[in-house]
Amino acid sequence: MTPKIPHESARKHVTGEAVYVDDMLVNNQLLIGKVVYSPHAHAKIKSFHLDVARNLPGVYAVIRYQDIPGENQMGPVVHDELCLAKDEVNCIGQAVFLIAAESEEICREAEKLIKIEYKPSEAILSIEQAIAKNNLMGPERKIETGDVDKALKKCKHKISGSLTTGAQEHWYLETQAAVCIPGEDNEMKVYSSTQHPSETQAIVAGVLGINRNDVVVEMRRMGGAFGGKETQANHVAAWSALLAKATGQPVKIRLFRDDDQIMTGKRHPYLINYKAGFDNKGKLIAVEFELNANGGMATDLSFAILERAMFHVDNAYYIPNLRVIGRVWKTNQPSNTAFRGFGGPQGMAAIETIVDRIARQLKMDAAEIRRRNFYGINDRNLTHYDQKVENNHLKMMFDRILHSSEYLKRRQDINEFNSKNEFKKKGMSLTPVKFGISFTTSFLNQAGALVNIYQDGTVLVNHGGTEMGQGLHTKIQQIAAAELGISFEKIKLTATDTSKVPNTSATAASSGTDLNGMAVKNAIDKLKSRMIPFIVDHFNEKGEIIKSQIRAIHFINDCIIDSENPARKIDFAKAVNMCYIKQVPLSATGFYRTPDIYFNREKGKGKPFHYYVFGMAVSEVLLDTLTGYHKILRTDILHDVGDSLNPAIDMGQVQGGYIQGVGWCTTEECKWDEKGNLLNHSPDTYKIPSIQDIPEDFRCSLLEDVPNPSTIRKSKAVGEPPFMLAFSAWLAVKDAISAVADHQIEPEFSIPATNEVILLSLEKLRSIKKQ
């Protein structure tokens with residue numbers, strides 16, 4: 001694959017020509033929709049009055065739950081999330097009424113005229129409160145290998161503790177948005193900023209009480225998603241569709257940024273308790289984890305996210321005796337949902353904390369402890385859920401980054417710097433990533449495609465994946481061009497459309513290219529198999545003694561050639577036209593299902609992942625111990641992407657994933673008050689990483705010459721794994737804090753490590769040091 005192909009929409013992005021849902025020109029009948037949501041975390045709805053609002057000039061509809069023609073339900077897996085509140089509200093931001101009017105201004109005026117009387121009830125606003133009330137979302141999960149209790153008793157060294165990881169706002173540039181246009185009979189056309197058009201189709205059909213074949217969902221591009229539009233884009237689409245049905249006119253809802261942050265779920269906060277036993281060399285012998293997730297008010301994807309967290313509590317380390325118990329707790333907050341990494345970051349943060357603590361207790365370098373515990377090649381290679389870690393690059397990557405980052409020399413330099421400076425301290429950490437690729441719900445690992453070849457030799461491709469800026473469509477174009485042997489410019493991708501490719505899975509789990517790329521290849525293989533016999537007949541028409549054979553026909557350089565007789569070739573466009581005249585069908589559907597993956601939830605054993613992605617990062621920080629401010633001085637990353645389909649796009653994903661991870665680990669804190677109000681729900685109060693948070697010296701490399709067997713063109717997924725490389729920055733900050741007490745005292749630490757967390761940790765460290 002050529003490495004110089006830019007993102008297919010890059011020029012349109014920077015010129016403003018890229019059309020998003022909110023940019024669409026519909027018609028002069030378009031109405032604006034608005035959601036009236038609860039101001040209380042938990043309350044009974046005693047009464048309400050809508051007539052004055054309904055009679056406001058310019059208002060076309062005000063909808064309550066009784067006006068829903070279908071099912072009042074939006075739960076994607078478990079049906080426990082109402083489309084509109086009925087008798088009570090269970091979080092601030094829960095939708096109660098919907099307004100359709102001629103403008104946003106009229107919508108806001110109408111909202112002011114709606115009178116609602118609430119009777120507030122006691123609310124559960126944290127994991128700790130939910131545990132105290134035993135307010136479980138569902139049954140606990142467990143995965144176990146070895147004999148943890150027996151092994152822990154025998155361990156010479158033991159540690160135990162707790163780790164809290166915080167929420168994270170997705171902060172996609174384009175907020176949740178949908179336009180719904182009613183058609184003939186029950187038809188509804190939905191333009192939605194969604195990662196999962198087929199699920200959006202299902203939810204819209206459900207609330208309208210119609211069949212799925214009455215609903216078409218189209219999605220050209222999203223302005224970011226990061227998991228936040230996997231299920232929760234369904235809400236805005238359903239609300240828009242209800243208003244469009246009620247008014248008989250097109251309706252658009254695009255959430256205001258503050259409303260989006262108040263109403264939507266976040267990355268799940270976790271409270272993780274752990275016990276670990278290890279030997280004198282720092283080798284892990286037994287570990288026990290208890291994962292507690294804040295699910296919010298409804299299930300959403302919480303259990304799938306919990307399951308991935310449980311799969312990743314080992315990260316890159318072989319642990320012969322391991323038990324992980326997971327629980328999801330119900331609280332009075334918006335339903336927490338998918339976010340890049342999908343539980344993996346929370347699980348991996350726990351084991352990285354343990355390894356870091358082991359190093360400090362044994363007075364060894366944490367990088368060496370990590371190396372000693374890596375999964376092996378020929379042995380020590382079985383996970384706690386019984387999947388073998390194959391094609392393991394961990395030790396090779398460790399050796400390479402240890403050398404390229406000059407880790408050992410810089411460690412000496414950092415120690416010397418810290419010995420000479422009282423108020424400025426440096427810290428450094430090397431952390432690995434082993435991340436499993438596939439949906440852990442096995443049946444979701446499927447994809448479809450539609451490929452049309454036209455008489456002029458151009459090709460139109462449609463597939464079930466969605467473009468959110470990650471470059472999926474660009475890679476699919478490259479795959480189609482490579483498989484047909486034609487130039488990239490002759491391939492065009494159309495918007496994802498449920499009427500073209502049905503029953504698709506979400507573009508999530510980093511599997512978009514793996515699944516959809518294979519489905520496109522399958523369609524193209526069918527087309528080639530139809531064309532080749534006619535090409536062979538054409539080559540053999542000339543009567544040469546040596547006949548062309550089907551096996552020797554190849555598509556390359558905009559031609560179709562006989563590789564055994566290279567003089568015999570035909571231009572691709574000419575061949576297509578010839579096949580058309582011969583009545584060869586030039587349109588084909590494609591399908592792919594990931595082979596050999598399964599998982600038995602009752603036994604906690606199986607092979608849930610098609611393969612693993614590996615990564616390594618070294619980060620160095622400078623910490624001001626008086627203010628808690630820190631700066632990332634240098635980051636070195638080595639990341640495994642197999643045979644990269646597009647190195648530039650993959651590099652962007654690696655760098656962007658790392659920086660987004662740095663945000664979760666250090667600056668992005670969601671703060672609620674005692675009533676459940678989100679206090680920082682706007683760009684000026686919620687701190688995503690800025691240019692100042694990028695390392696001053698940022699060195700990223702893709703691991704080369706490591707093709708990935710049995711995937712599309714030997715590539716690997718790249719969306720989620722780089723996020724966890726940010727643990728190197730998080731633990732570098734902890735290393736700098738630890739230096740204040742000469743690494744003799746274990747600092748208190750959590751995610752995110754904000755200035756406040758850092759200063760409190762330093763204060764406690766100094767107080768212990770004085771004792």
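Tutor: Let's start with a term: a polar contact is a pair of N or O atoms within 3.5 Å, where, within protein, one must be able to donate a hydrogen and the other to accept it. Keep in mind that this is a predicted model.

Student: Okay, so how many residue pairs are in polar contact across the interface of domain 1 and domain 2?

Tutor: The rule finds eight such pairs there, both partners being at pLDDT 80 or more. Salt bridges are another matter: the count between domain 1 and domain 2 is zero.

Student: Where do those domains sit along the chain?

Tutor: Domain 1 covers 10-122 + 170-263, domain 2 covers 270-440 + 601-770, and domain 3 is 446-593. The centres of domain 1 and domain 2, taken over C-alpha atoms, are 36 Å apart. Each of the two brings 26 residues to their contact.

Student: How much area do domain 1 and domain 2 bury between them?

Tutor: About 2,200 Å², with 58% of it on carbon and sulfur atoms. On the domain 1 side, look for Trp171, Phe226 and Gln261: they supply 22% of the area that domain 1 buries against domain 2, more than any other three residues. By class, the side of domain 1 touching domain 2 has 11 nonpolar, nine polar and six charged residues.

Student: What about holes inside? How many cavities of 30 Å³ or more does a search find?

Tutor: Here's the general idea: rolling a probe the size of a water molecule over the atoms shows where empty space is left. In the whole structure, the search finds six cavities of that size. The largest holds about 180 Å³ of space.

Student: Which residues lie nearest the centre of the largest cavity?

Tutor: Glu81, Gly93, His235, Trp239 and Met263, out of 20 residues that line the largest cavity.

Note on methods
Residues numbered from 1 in each chain as written. Predicted model: local features only at pLDDT ≥ 70, side-chain atom pairs only at ≥ 80, totals over all residues. Heavy atoms only, no water. Domains from an automatic or database assignment. Contact = heavy atoms within 4.5 Å. Buried area = accessible area lost by both parts, 1.4 Å probe. Salt bridge = Lys/Arg side-chain N within 4 Å of Asp/Glu carboxyl O. Polar contact = N/O pair within 3.5 Å; in protein donor to acceptor, adjacent residues only side chain to side chain. Nonpolar A, V, L, I, M, F, W, Y, C, P; charged D, E, K, R; others polar. 1 Å grid on protein atoms, 1.4 Å probe; cavity = no way out; pocket = protein on both sides within 12 Å on 5 of 7 lines; lining within 4 Å. Points joined across faces, edges and corners; volume = space filled by probe spheres on them.
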